[in-house]
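Reader: I should like to learn how to read the features of a protein model in an orderly way. Could you please guide me through one?

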Amino acid sequence: MLSLTYLSSAAHLLSSTELAELLVLWRPRNHERHITGLLLYSGGNIIQTLEGPDDEVTSTFADIARDPRHTGVIEVLRDPIEERAFPDWSMGFNDVSDVDTTDIEGFNDYLLLSNGQAGPGRQQVQTMFEIFKRYNP
């Protein structure tokens, strides 16, 4: 099994409504591929960890790198893993004022939490997510 974390920028800023629509679209596809992880979006900045079978993670990342909605895609960590840090796939975004997230399966309120506690995961990924959160209020 493989864990891959990357950074990128959105080619154009996405509204929380657009992000919610993408979350609903992506969750079933990732489930079919046995991909889990976490995607955080704030002000056009993206950090995502993908976890799952090596070939599925590699293929998914290649799709993302070619996706015109992403610019400046940088792979920052690629590690074989035996246990998932993120056993489900979810997405967090910090401007949710115009979307009711209570009924959106897979919405992660990580960016909205004030206690700074990261979920389970490898220390490097937790550190990157904390830095992302700190500089993308």
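Author: The following conversation proceeds from the overall fold to single strands and helices, and then to the spaces between them. Please bear in mind that this is a predicted model.

Reader: Which secondary structure elements does the chain have, and in what pattern do they follow one another?

Author: The chain has three helices and five strands. Read along the sequence, they follow the pattern β-α-β-β-α-β-β-α. As for burial, 45% of the 137 residues of the chain count as buried.

Reader: How should I read the pairing of strands? With which strand does strand 2 pair, and over how many bridges?

Author: Strand 2 is joined to strand 3 by seven bridges, and the two run antiparallel. Individual partners can also be named: L40 has I47 as its bridge partner in strand 3, and G37 stands opposite L50 in strand 3. The two strands form a hairpin with two residues between them, and there G43 takes a positive phi near 55°.

Reader: What other strand pairs with strand 3, and in which sense?

Author: Strand 1, residues 2–10, pairs with strand 3 in the antiparallel sense, over eight bridges. In this pairing L2 stands opposite G52 of strand 3.

Reader: How do I judge the two faces of a strand?

Author: In a regular strand the side chains alternate between the two faces of the sheet. One therefore sorts the residues of a strand into two alternating sets and examines the burial of each set.

Reader: Which residues of strand 2 lie on each side, and are they buried or exposed?

Author: On one side are T36, L38, L40 and S42, on the other are G37, L39 and Y41, and all of them are buried. Because seven of the seven residues of strand 2 are buried, this strand is largely enclosed by the rest of the structure. Strand 3 is mostly covered as well, with seven of its eight residues buried.

Reader: What may be said of V76, and is V76 buried or exposed?

Author: V76 belongs to strand 4, which comprises residues 70–80. Its relative accessibility is 32%, and it therefore counts as partly exposed, the class between 20% and 50%. The C-alpha atom of V76 is separated by 9.7 Å from that of I47, although these residues are 29 residues apart along the chain.

Reader: How do I read the faces of a helix?

Author: An α-helix has 3.6 residues a turn, so residues three or four places apart point the same way.

Reader: Which residues of helix 2 are buried?

Author: The buried residues of helix 2 are V57, T60, F61 and I64. Seen down the helix axis, these buried residues fall within an arc of 100°, so they line one face of helix 2. On the other side of helix 2, D55 and R66 are exposed. Helix 2 has 13 residues and reaches 18 Å from its first C-alpha to its last, close to the 18 Å expected at 1.5 Å a residue.

Reader: Where is H34 found, and what is the sign of its phi?

Author: H34 is found in the loop between helix 1 and strand 2. Its phi is positive, about 60°, although H34 is not a glycine. With a relative accessible area of 52%, H34 is exposed, because this value is over 50%.

Reader: Let us turn to enclosed spaces. How many cavities of 30 Å³ or more does the structure hold, and which residues are closest to the centre of the largest?

Author: The structure holds one such cavity, and the volume of the largest cavity is about 110 Å³. Twelve residues line the largest cavity, and the closest to its centre are L14, L22, W26, I46 and H70. Helix 1 (16–32) and strand 2 (36–42) each supply at least two residues of this lining, and helix 1 gives the most, with three. The lining divides into nine nonpolar, one polar and two charged residues.

Reader: What is the volume of the largest pocket, and which elements give two or more residues to its lining?

Author: The largest pocket has a volume of about 240 Å³. Of the 15 residues that line the largest pocket, W26, R29, N30, T60 and I64 are the closest to its centre. Helix 1, strand 3 (45–52) and helix 2 (54–66) are the elements that give two or more residues to this lining. The pocket lining divides into six nonpolar, four polar and five charged residues.

Terms used
Residues numbered from 1 in each chain as written. Predicted model: local features only at pLDDT ≥ 70, side-chain atom pairs only at ≥ 80, totals over all residues. Heavy atoms only, no water. 1 Å grid on protein atoms, 1.4 Å probe; cavity = no way out; pocket = protein on both sides within 12 Å on 5 of 7 lines; lining within 4 Å. Points joined across faces, edges and corners; volume = space filled by probe spheres on them. Helix = DSSP H or I, 4+ residues; strand = E, 2+ residues; numbered from the N terminus. Nonpolar A, V, L, I, M, F, W, Y, C, P; charged D, E, K, R; others polar. Buried < 20%, exposed > 50% of the residue type's maximum accessible area, 1.4 Å probe, protein only. Pairing = 2+ DSSP bridges. Expected span 1.5 Å × (residues − 1). Arc of directions from axis to C-beta.
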